[in-house]
Amino acid sequence: MLPSITRRSASGLILGLASGLATSKLAFGQDNKYFNVTPGGAFKPIPVAVTPFDGDNGAAISGIISNNFSRSVFLAPVDPNTFPEHITNPDQAPQFDSWKSANAQFVVTGRSAPGADGRLQTQFRLWEVASGTQAAGQQYVTDPNNARRVAHIISDAIFSRITGEKGFFDTRVVFVDETGPAERRRKRLAIMDQDGANVRYLTSGDDLVVTPRFSPSSQDITYMSFGVAEDPKVLLLNIETGQREIVGNFPGMTFAPRFSPDGQKIIMSLEENGISNLYEMDIRSRATTRLSQSSAIDTSPSFSPDGSQIVFDSDRGGSQQLYVMPASGGNAQRISFGDGRYSTPVWSPKGDYIAFTKQGASTFAIGVMKPDGSGERILTEGFHNEGPTWAPNGLFLMFFRDPGGESGPHIFMIDVFGRSEFQVPTPAYASDPAWSPLLS
Amino acid sequence: MSLLKRAGFLKLAVLGFALAMAACAQTPPPNASGSAPIPGSFQDFAVNVGDRVFFDTDSTELTPTSQATLDKQAAWLQRYSQYNFTIEGHADERGTREYNFALGARRSETVKDYLVARGISPARIRTISYGKERPVATCNDISCWSQNRRAVTVLGGSQS
């Protein structure tokens, strides 16, 4: 008898009946996973064969999944030219012996087609070759417009099942779309799926806008905009309604905004008379609090995931370095001590690393260090890398690279071990990526 | 040598400014026939005074050249007191975006402080930082970066 599959629903988008989870006995892994991401980057990616899904929408869905895995670093899609069999019934177990000789550790089968009610029915099964068992299986019923999301949700389910880590494919990225000559770049906020699909523009391009960031808990983004007041200001924009407002009633330029992990506060820099300090605003009460008291430049603040600390960069000691202080302000400890200037620190959602931009004599690197400043590792280096943002699972980063001159920036994705780097497709030049939380 | 070079950039920058002014809709275009600028005009300020000063990397210090330019600006602005103006602070591309907004602000404040110390009323002065978002030169070497690390005095409308 075949293992059953689970139907699931997700945040109103995916409609279906939830039933008991049908997972067969695992072949390995006392902790219900097949793979150990920690403690370092010295692993071999798990070969996964994503077979073409059956049904009218099948090939599109399995194509998106396969493309996701080709950038996943931890999973490696098996070359379809080496597939030993053509799957005719995705509900039936594949011929495990022949997949074993094709070096596939897992095989994914599935189908996707409109049901009688017009809604798209998609299901997948993940088969583990060594044990000859089904490791996961689910069905999703949804509006056909959500087909891409279903493919990302399935990608996450498989990624999580195999690695034991959270997924990151069902996410979006807000970024700055850049067009026109370098001297008069037109910058628009835009949003896309993590794989570059479904680009939508959020601002018109009339005002210069930079550094968008996602709320962890709502459909809001915060960013810096020129043109809305005498000074450039931090704004809050609802991406569903398009409503926007200035954050706080501050006298000078506000910039470098970021949400607190609970989404209730925005932290930012305020510049007055050439001095930049850190402030926060409570979104509900509008109350503002000053957090740093320097006569230097304090900027690029980012909360720890538990909300108890803030990392930021400052040139209070002469050159730009990273500092950590309590979220209420107070005594800041310098944590960066390597050669060069450190900036744009961002705390990993897992809490284990702080990512940063590091400027040497002529290069800009993206790196990570532990929150106490130890274990610094450079992931990529060159001219000119900047502005890391974390995937919600803390295993990947995006950043932008701008070769300078009349050219312009593109967005790249890299894993936390620095093993592989991929350019994220965008319609034009693109910078300032900010990765959303998982949508489902 | 380096002084000569810098003077060359200044001339180029001034020319760029004059062209930009010609394209500006708010102001009557300057006489394009090559005759001397009318004293007290935008063009007079750009050509005969110099609208910008330059900074070293990650620095807000005013060099002797910059101070000389600002002394001329102060004298001109005192003579033509009908103008309000904006000091735009800029940074080159060799810094991160957020830090460069703060650095540009520091540069515009430095110039403002200098002009105020030379007797210009702070009420006439607005400052703004564009960070590295508005380079004037976009080649990828030191000659361009040094032109982008600047503070530009932009004349606004007459005081009402």
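## Two chains and their salt bridges

The side chains of B:R106 and A:D315 come together in a salt bridge, with N and O 2.8 Å apart. That pair sits in a predicted model, where the count between chain B and chain A is eight salt bridges. Over all chains, the structure holds 27 salt bridges. Here's a quick tour of the interface, then each chain, then a few charged pairs worth a look.

**Where the chains meet**

- On the chain B side 28 residues are in contact with chain A, and on the chain A side 45 residues take part.
- Together the two chains bury about 2,800 Å², and 53% of that lies on carbon and sulfur atoms. B:R97, B:E98 and B:Y99 supply 25% of the area that chain B buries against chain A, more than any other three residues.
- Polar contacts turn up too: 14 residue pairs across the interface, with both partners at pLDDT 80 or more.
- Two elements of chain B, α4 (97-117) and β3 (125-131), give two or more residues to the side that touches chain A. Of these, α4(B) gives the most, with nine residues.
- Sorted by class, that side of chain B has eleven nonpolar, six polar and eleven charged residues.

**Chain A overall**

- Chain A is a strand-heavy affair, with three helices and 31 strands.
- Its radius of gyration is 23 Å, which agrees with the value near 22 Å that a compact globule of 440 residues would have.
- The C-alpha atoms fill a box of roughly 75 × 45 × 45 Å along the principal axes.
- Buried residues make up 57% of chain A.
- Take the chain A contacts between residues at least 6 apart in sequence, and 46% of them join residues at least 24 apart.

**Chain B overall**

- Chain B has five helices and four strands, and along the sequence they run α-α-β-α-β-α-β-α-β.
- Of its 160 residues, 55% are buried.
- For chain B contacts with a separation of 6 or more, residues 24 or more positions apart account for 74%.

**Charged pairs inside chain A**

- A:E165 and A:K350 form a salt bridge, their closest N and O atoms being 3.0 Å apart. The two are 185 residues apart: A:E165 is in the loop between α3 (147-163) and β8 (172-179), and A:K350 is in the loop between β23 (341-347) and β24 (354-359).
- A:E165 has 13% relative accessibility, so it counts as buried, whereas A:K350 is at 40% and therefore partly exposed.
- A:R185 and A:E178 also pair up, at 3.0 Å from N to O. Both ends are tucked away: A:R185 is buried at 6%, and A:E178 is buried at 3%.
- That pair belongs to a network of salt bridges that links A:E178, A:R185, A:K187, A:D432, B:R97 and B:E133.

**B:R149 and its surroundings**

- You'll find B:R149 in the loop between α5 (142-148) and β4 (150-158) of chain B. It is buried, because its relative accessible area is just 6% and the cut-off is under 20%.
- The side chains of B:R149 and B:D92 meet in a salt bridge at 2.8 Å, N to O. B:D92 lies in the loop between β2 (83-90) and α4, 57 residues away from B:R149.
- B:D92 counts as buried as well, at 4% relative accessibility.
- The B:R149 side chain also reaches the backbone oxygen of B:F55 at 2.8 Å.
- Leaving out residues up to four places away in sequence, B:R149 touches several others, including B:V53, B:T57, B:H90, B:R94 and B:R107.

Key:
Residues are numbered from 1 along each chain as its sequence is written. Chains are lettered from A and ligands numbered from 1 in the order in which they are written. This is a predicted model: local features need pLDDT of at least 70, side-chain atom pairs count only at pLDDT 80 or more; totals for chains, interfaces and linings use all residues. Side-chain values use heavy atoms; hydrogens and water are left out. Contact means heavy atoms within 4.5 Å. Buried area is the accessible area (1.4 Å probe) that two parts lose on being put together, summed over both. A salt bridge is a side-chain nitrogen of Lys or Arg within 4 Å of a carboxyl oxygen of Asp or Glu. A polar contact is a pair of N or O atoms within 3.5 Å; within protein, one must be able to donate a hydrogen and the other to accept it, and residues adjacent in sequence count only if both atoms are side-chain atoms. Ala, Val, Leu, Ile, Met, Phe, Trp, Tyr, Cys and Pro count as nonpolar, Asp, Glu, Lys and Arg as charged, and the others, Gly among them, as polar. The radius of gyration is taken over C-alpha atoms; the globule rule is 2.2 Å times the number of residues to the power 0.38. Buried means under 20% relative accessible area, exposed over 50%, partly exposed in between (1.4 Å probe, protein chains only).
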